Amino acid sequence: MYIADYKKFDVLNGRGLRNSLFVSGCTHHCKGCFNAASWNFNYGFAYTPEFEQQVIDDLQVPDIRVSGLSLLGGEPFQNVDGLLGLVKRVRKECPDKNIWAWSGYTFEELIADSARLELLTHCDVLIDGKFVLEQRNLKLKWRGSENQRVLDVQESLRQQAAVRLYPE
Amino acid sequence: MIVLKRDGSEVPFDQQKIIDAICAAMNSTEKKIDMDVAQKVADKVTTKISRLEKIDIEHIQDEVQSALMNSRRKDAAEAYIGYREIRTLKRRERSSLDKKVLGLLDLTNEEVLKENSNKDGATIPTQRDLLAGIMAKDFAQTYMIPKRVVESHNNGSLHFHDQDYSPYFPIYNCMLIDLKGMLENGFKLGNAQIETPRSITTATAITAQIIAQVASHIYGGNTINEIDKILAPYVAKSFAKHYANGLKWLYSLDQETIAQLDIAYDNQGLHERFPKCFDYAKELAEKETFDAFQSLEYEINTLVSANGQTPFSTFGFGRGLSWEERQIQIAILRNRIRGLGKDGKTPVFPKLIFGLEEGVNLHPGDPNYDIKQLALKCSTLRMYPDIISVPKVTSITGSFKFPMGCRSFLGVYEENGQELHDGRFNMGVVTANLPRLAIQAKGSEAEFYRLLDELLDVCKEGLMYRIERLRGVKAKVAPILYMEGAAGSRLQPEDTIDHLLMNGRASISLGYIGIHETVLSLYGQHIYDDTKLWQKGLDIVRYLSEQTARWKDETGYGFSLYSTPAESLCYRFCKLDEERFGVLDGITDKGYYTNSFHLDVAKKVTPFEKIEFEKEYPVHANGGFITYCEFDSLVQNPEALEAVWDYAYERVPYFGTNTPTDKCLECGYEGEFEATSSGFECPNCGNRNPKTSSVIRRCCGYLSEPSQRPFNEGKQREVLARVKHM
């Protein structure tokens, strides 16, 4: 897995102060994508065990209240193998941190694929759906176009249907 | 014979005028006037030129000069030449003064028009103020301020601030208004005697009047220190008033019975007897408080002081725990969140500062934690409030108080064994241009400190002159301040204000600029990149504070070190140094110097790193400080801002966030407009119309609207160079 970008103390992608991991590789190719460079699966730098440790450590820096980890891309759900180990560690080693993920797939598409579903089960919030340029709206919270949804993952899995996060 | 004067007019020749001029010159010599010589010289000149029909004045003066040289009073000839030269110089100055005045008239004098982004230089009242400023400054430089100080100011080694007001007028900088004393004891305003208000509506109306009056008598900012505590008694009065109405109409009680009841918000027994009354009075008092603060905010934003601008006003609040105090805090924040007018635009004034304190509002579970949440929301939308860490300010400045205006902090002062804050003020600032000394020292630290000592000597002279100018001033020059209580005193018109200046009651501040450029120039490296340099920067500021402490001991006046908020100065010093030393990489090439101890605005660091870097400076510069961080829009994410506030609370005394709070009145977008060559543009809908855009940026200590009134060039470049810390 390759990493396109890693931002500490991100305030734009998810609630609270977060560390954001932008994984490389995406086949959705949405028109107007904010990060088209990361479509290439070999873009950026290689993901290593040392880097993974860094991500874990950064979630636990003393004195700074980091709310959690955000997974963006590229397409996190086309990097399931690379990310699974990380999210499991976050769950185990940073129990007070939450995980948000952004995907071009919809919730319904993700739960129909067992590998992707497994990654999803470790997330708290999912912003789903492709970016649709015609429906772009900068006033929306955490997402770029009207069709996208901010979902409460655990509740959605329980109900087996998309449940909006409240409050967003 | 006709004499042709310099201005082109013609007057009949008059020999007496020659005699007068010679006598004036003789009078300035040791030997004084010799009428005999004066008469003889005048006669000689008159005879020589009498055949001419017309002669110009310069020609006559040349003749007088040569006749004097050939007389027995050569000393008088020299004096006469000197006198002519001074007159020539004056005429030249006069014409440069005229140019400035003309520049105001045809709106080309950018230096004056854009010096203060809070002033709309195009309007007549402001032009009157600017005109007065030009004249006052010229007069003060020619006749009042010590020569050495004027020279250093004009060549840019130091800045003697606010010469358009002071020292021509005996006027001071910024203050904490003693609103409590004024409201409790009554005062005269214009022709009206004002008594203690009987409702929060009246109390805020009077507060606006006081602020307007005070702002016309000082040139810096004014602060209502702990406005929630000061105005709480009037919320209580409103509550009691509504309660009494309720008792009358809901329970048919007569006035006499009502008068005997102890009506108060926390009188539980009473509320159990008259539950409907309690709910009624509570709801009406809360509504009244909200409305009262709405009026106050509108009044302050619509006022123009005699200085031709909206009063630089600040409200400090947040520590009060009573219901009344909480209502005021809520009213201030809710009104600010709502914004001004139907479009809800971000108000520029008053500046809001929220005091954070453990056990009050810091943590979930603290009684006012809900109000902290409101303050966070407000800050993401409106940039204000900034926050004060109550324990940090207390430990750094010796006692708790909000700053006067945007960042000037008072030290400890006691009267009758009690700490006093309200009614105190700052007598003014002189700022040292540190980067210039570093450039001149050419990498030698020892030389830098030697030059610094020299400069500080001149700064001190300037500051002592500021004090001198205020000494002996009579209370009648500013009745609102000295006779009616705003400065905490009720003096008689002919009393002097001297005791208000002494023993640290008032502060007087040495300012400084450009620690970043100074360190870069002296040590050749960016201060942030080497922790040894962090220490070097701190050493300079500590050295300055040691000097001000020494001056305080020597003179008994409240000298303090102040981190100057340089709005136009950041540009002026840099431009003068560029003219003198050329374009120097990272120093004079940017078009601005970095404010005080602030980290270079272009340095990419996290807010936490910036706070760590700056946190030690206020300890030394405890007469004035603030730390800022730049953020993307946090409107959607107050939780993130809270994490930053909580981090700052433990480390810095005073913290502000610069976050885009622009609003598009066409599409409703809230966030950051893009700065383009043709103005500010909404990223959502592309709107560029300034009339339907609300674009707010922090200029120095205050906010301003660059879409309506552009910044000066240096400040604009500094604002564009700012990088986000997240």
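Here is a walk through this predicted model, from the place where its two chains touch to a few unusual spots in the backbone.

Let's start where chain A and chain B come together. On the chain B side, 18 residues are in contact with 15 residues of chain A. If you want to find this side of chain B by eye, look for helix H26, residues 638–649, which gives the most to it, with 5 residues. As for the kinds of residue on that side of chain B, there are 9 nonpolar, 6 polar and 3 charged ones.

Now for the backbone, beginning with cis peptide bonds. In chain A, the bond from A:Tyr166 to A:Pro167 is cis, with omega near -10 degrees. You'll find A:Pro167 in the segment that comes after helix H5 (153–159). Chain B has a cis bond from B:Tyr384 to B:Pro385, where omega is near 5 degrees. Here B:Pro385 sits in the loop between helix H15 (369–382) and strand E11 (386–389).

Next, take a look at phi. A:Gln160 isn't a glycine, yet its phi is positive, at about 55 degrees. This residue, too, belongs to the segment after H5 of chain A. Is A:Gln160 buried or exposed? It counts as exposed, because just 10 other C-beta atoms lie within 10 Å, and the cut-off for exposed is 12 or fewer.

Over in chain B, B:Asp162 also has a positive phi without being a glycine, with a value near 55 degrees. Its home is the loop between strands E4 (158–160) and E5 (175–176). B:Asp162 has 21 C-beta neighbours inside 10 Å, so it counts as buried, the cut-off being 20 or more.

Definitions and conventions. Residues are numbered from 1 along each chain as its sequence is written. Chains are lettered from A and ligands numbered from 1 in the order in which they are written. This is a predicted model: local features need pLDDT of at least 70, side-chain atom pairs count only at pLDDT 80 or more; totals for chains, interfaces and linings use all residues. Two residues are in contact if their C-beta atoms, placed from the backbone, lie within 7 Å. Helices (H or I, at least four residues) and strands (E, at least two) are DSSP runs, numbered from the N terminus. Ala, Val, Leu, Ile, Met, Phe, Trp, Tyr, Cys and Pro count as nonpolar, Asp, Glu, Lys and Arg as charged, and the others, Gly among them, as polar.
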